[in-house]
Amino acid sequence: MQEHNFFPTKVFTSNKILNNKDMLEKLYTLQKNNFDYFSGGWQSKRNIYKLNEFFPLVDYIKNSLFLVFKKSVTILDMWGTISPQNSYNKIHNHPSLQYTEGLLWSGVYYIKTFTNSGFLNIHSPMNPSNIEQLSPIPGDLILFRANTYH
């Protein structure tokens, strides 16, 4: 795991290709049965960490966070997103709730990307117009505190 200190915000990145084909096929199957779209894209329900195809990703996330914090973690929810060309996620964060001994962490794993797919923007907590841009490739895992605007 590489540690990046953007503003006063820690971001951890690593890259590992998992069973991306199996996960992508499962997301396409789920998408056919659920037409919940946003900003031109689609998101699955928040329980995909319970599906066999995503077990290797769950293990990878847990192992990556263990390397950083030297503690076991619990995944509370996990969803997949399919973003066609010209779709996007609006700037948002995830609630900063206390869970056991610390803040929640969020992350993104990129199963597939395209040329000119765009960036993952990490916004400064002091001034959200200040951003660090990450240009993800397949296999990128990017972890940050849940209250980080992205």
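From the N terminus on, the elements of this protein run β-β-α-β-β-α-β-β-β-β-β-β-β. That gives two helices and eleven strands, where helices (H or I, at least four residues) and strands (E, at least two) are DSSP runs, numbered from the N terminus. What we have here is a predicted model, in which local features need pLDDT of at least 70 and side-chain atom pairs count only at pLDDT 80 or more, while totals for chains, interfaces and linings use all residues. Residues are numbered from 1 along each chain as its sequence is written, and side-chain values use heavy atoms, with hydrogens and water left out.

I begin with the overall dimensions. The C-alpha atoms fill a box of roughly 40 × 35 × 25 Å along the principal axes. For 150 residues, a compact globule would have a radius of gyration near 15 Å, and the protein agrees with this at 15 Å. That radius is taken over C-alpha atoms, and the globule rule is 2.2 Å times the number of residues to the power 0.38. The exposed surface of the protein is about 9500 Å², of which carbon and sulfur atoms supply 51%; accessible areas come from the Shrake-Rupley method with a 1.4 Å probe, and for residues only the protein chains shown count as cover. Of the 150 residues, 34% count as buried. Buried means under 20% relative accessible area, exposed over 50%, and partly exposed in between (1.4 Å probe, protein chains only). Among contacts with a separation of 6 or more, 72% join residues 24 or more positions apart, a contact being heavy atoms within 4.5 Å.

Let me turn to the helices. α1 has 14 residues and reaches 20 Å from its first C-alpha to its last, close to the 20 Å expected at 1.5 Å a residue. The expected span is 1.5 Å times one less than the number of residues in the helix. Buried in α1 are Asn20, Met23, Leu24, Leu27 and Gln31. They cover an arc of only 100 degrees around the axis, which puts them on the same side of α1; the arc is that of the directions from the helix axis to the C-beta atoms. On the other side of α1, Lys21, Lys32 and Asn33 are exposed.

The second helix, α2, covers residues 55–69. Its 15 residues should span 21 Å at 1.5 Å a residue, and the end C-alpha atoms are indeed 21 Å apart. Which residues of α2 are buried? They are Leu57, Val58, Tyr60, Ile61, Ser64 and Leu65. Seen down the axis, these residues fall within an arc of 165 degrees, so they line one face of the helix. Their cover includes β2 (9–15), α1 (20–33), β8 (105–109) and β11 (140–145).

Both helices contribute to the interior. A nonpolar core is a set of buried Ala, Val, Leu, Ile, Met, Phe, Trp, Tyr and Cys residues joined through side-chain atoms within 4.5 Å. The largest such core has 20 residues, and those with the most contacts inside it are Met23, Leu27, Phe54, Leu57, Ile61, Met78 and Tyr109. At least two residues of this core come from each of α1, α2 and β11, and α2 supplies the largest share, five residues. Apart from this core lies another, of eight residues, among them Val11, Tyr110, Leu120 and Phe144. As for methionine 23, leaving aside its neighbours within four places in sequence, its contacts are Leu18, Glu53, Phe54, Leu57, Tyr109 and Ile111.

Next, two buried polar residues. Serine 106 lies in strand β8 and is buried, with a relative accessible area of 13%. Beyond its neighbours within four places in sequence, serine 106 is in contact with His94, Ile142, Leu143, Phe144, Arg145 and Ala146. Histidine 94 lies in the loop between β5 (81–82) and β6 (98–99), and at 16% relative accessibility it counts as buried. With the same neighbours left aside, histidine 94 is in contact with Trp79, Ser106, Ala146, Asn147 and His150. Histidine 94 and tryptophan 79 are 15 residues apart in sequence and 13 Å apart in space, C-alpha to C-alpha.

I close with two backbone details. Lysine 70 follows α2, in the loop between α2 and β5. Its phi is near 60 degrees, a positive value in a residue other than glycine, and lysine 70 is exposed at 58% relative accessible area. Asparagine 116, in the loop between β8 and β9 (120–123), also has a positive phi, near 60 degrees. At 76% relative accessibility, asparagine 116 counts as exposed.
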